[in-house]
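Reader: I'd like to go through this one by asking how each label was earned. Can you show me the structure before we start?

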Amino acid sequence: MALSATVLAELRGIVGPSHVHDAAGDLVAYARDATPLFSHRPDAVVFPADTAEVAAVLALATRHRVPVVPRGAGSNLCAATVPLRGGIVLVLTRLNAILEVSGDELLARTQPGVTSAALADAAAAQGLLWAPDPGSRTVATVGGTIATCAGGLRGLKYGVTRNYVLGLEAVLPTGEVIRTGGRLWKDVAGYDLTRLLTGSEGTLAVITEATVALLPAPASANTGVAYFPTLADAGEAVARVIRAGVVPATLEFLDRACIDAVEDFAHLGLRTDAGALLLFGDDGPPDLVAANLDRIGAACVEAGAVEVTTAREVAQAEALLAARRCALPALSRRGGVTILEDATVPRPRIAEMVDRIDAIAGRHGVAIATFGHAGDGNLHPTCVLDSAEDHDAVRRAEAAFADIFAAAIDLGGTITGEHGVGAAKLPFLAARLGEDQLALLRRIKSAFDPAGILNPGKLGS
């Protein structure tokens, strides 16, 4: 839909003429996010400066029935911020202030456009820890992290974003501003709207401020790596680690294809003759960290590891973590289109799930490499194609991922552990939730957004 001159004039009156873009060249960058194969150009891109401007834009959009898609950095991997029905992309990156960091209360107040890394750095400056740790932390915004309930490398020990959201300021599609939760760790007055908005992917309200929980920063941290002949051996090691009573801060895996790609990309000295790599780490008091890494190493050896190494210095530990963080860009160098998905299964079934992924890839004639969070069963099967113009290859890749999601559900898992649903996973949501629960989502959506303007075509829309 094209926006009328009246609507565009009203938008410019709200946020200022320089913060409304509607030229064709300006719109292209906001037609997609980090998800390949999904693209739809908006009719305008609007950059509000504060909550009042967000409220005015939403009230205007509701009056004129104009779709609005809230967006941060656009780094999500499920097409959650692709404007499927055009309208306004509401970019919140100008709301980028950290309003408070309180060591006494172990919390921070932040606007949504602050990056996860910036919040982590501000917390660390006061000896505190912002625990959520998405792979795109340097660009991913706090608002987007909350909207998708992002996970990350520390998920096993510390949980995901929803565990750290205490309260939100949010604007409803009608322009009403609400505050959910607050500064308290314990508050059970009324329905938990904070949890409901966390992970709602911009379909219910627009987050304009968040109060988040922080933790005391651990006194020390260290990392190690174990190499295995097969991924099944690495999976057995994970089971042995958990049975030994250790809950590491980090427990990640790369399969052979990922190891090759990462080493070719970053030259970190990884063993490319191994079938799988298990990256492990812990944080806390130095003596406890050392003891836990020894126990993890011993469990890996018992499971058949061919080599176990612990980082000797901070720089080496950071290099090992970089090996995991750069898995996606390393794989992306191998083709023109990279399709990264996520699916989660119960931890003991990781190796079985990887075997199924390999079989599915062979059946559909596509190459799929797999890495992910071994500690919580979250896998990232990744397919690299030469070009999006190879329609047969795209079709085969999409069919393969449909089978992968079905396999995850069959093993007692889910279609997404941390990336969200967006447009990419929407066709599989009913298989995961069932039609009755999907109908309930639609009723909740209608209660928040009776005009249906917020991120239409996603979740319960």
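Reader: What makes Glu201 count as buried?

Author: Buried means under 20% relative accessible area, with exposed over 50% and partly exposed in between, using a 1.4 Å probe and protein chains only. Glu201 has 6% relative accessibility, so it counts as buried. This is a predicted model, where local features need pLDDT of at least 70 and side-chain atom pairs count only at pLDDT 80 or more, while totals for chains, interfaces and linings use all residues. Residues are numbered from 1 along each chain as its sequence is written, and side-chain values use heavy atoms, without hydrogens and water.

Reader: Where does Glu201 sit, and what is its phi?

Author: You'll find Glu201 in the loop between helix H7 (193–197) and E10. Its phi is near 55°, a positive value in a residue other than glycine. Most residues other than glycine have a negative phi. Helices and strands here are DSSP runs, of H or I over at least four residues and of E over at least two, numbered from the N terminus.

Reader: Which loop holds Ala79, and is that residue buried or exposed?

Author: Ala79 lies in the loop between E3 and E4. Set 0% relative accessibility against that cut-off, and Ala79 is buried. Ala79 also has a positive phi, near 60°.

Reader: How do you know that E1 and E2 pair?

Author: Two strands pair if DSSP finds at least two bridges between them. E1 and strand E2 (residues 44–46) have 2 bridges and run in the antiparallel sense, with Val20 opposite Val46 in E2. Together with two others they make an open sheet of 4 strands, in the order E1-E2-E4-E3 with mixed pairing. Strand E1 (20–21) and strand E3 (68–71) are its edges, each pairing on one side only. Helix H3 (residues 51–64) lies across E2, E3 and strand E4 (88–91), at about 170° to E4.

Reader: What makes strand E19 mostly covered, and which strands does E18 or E16 join by bridges?

Author: In E19 (residues 378–385), 7 of the 8 residues are buried. Strand E18 (residues 368–373) is joined to E19 by 6 bridges, antiparallel, and Phe371 stands opposite His380 there. Strand E16 (residues 337–340) has 4 bridges to E19, also antiparallel, with Thr338 partnered by Val384. In the hairpin of E18 and E19, with 4 residues between the strands, Gly377 takes a positive phi near 75°.

Reader: Why is Val212 called buried?

Author: The relative accessible area of Val212 is 0%, so it meets the buried cut-off. Val212 lies in strand E10 (residues 206–213). Leaving aside neighbours within four places in sequence, its contacts (heavy atoms within 4.5 Å) include Leu106, Trp130, Ile146 and Tyr164. The C-alpha atoms of Val212 and Asn163, 49 residues apart along the chain, are 9.1 Å from each other.

Reader: How many cavities turn up, and which residues line the largest cavity?

Author: The search of the whole structure gives 1 cavity of 30 Å³ or more. A cavity is a set of points on a 1 Å grid over the protein atoms alone where a 1.4 Å probe fits but cannot get out, and lining residues have an atom within 4 Å of a point. The largest cavity holds about 40 Å³ of space. Leu231, Phe253, Leu278 and Ile350 are among its lining residues, and helix H8 (residues 231–243) gives the largest share, 4 residues.

Key:
Axes fitted to C-alpha atoms, helices over the stretch in contact; angles between N-to-C directions. 1 Å grid on protein atoms, 1.4 Å probe; cavity = no way out; pocket = protein on both sides within 12 Å on 5 of 7 lines; lining within 4 Å. Points joined across faces, edges and corners; volume = space filled by probe spheres on them.
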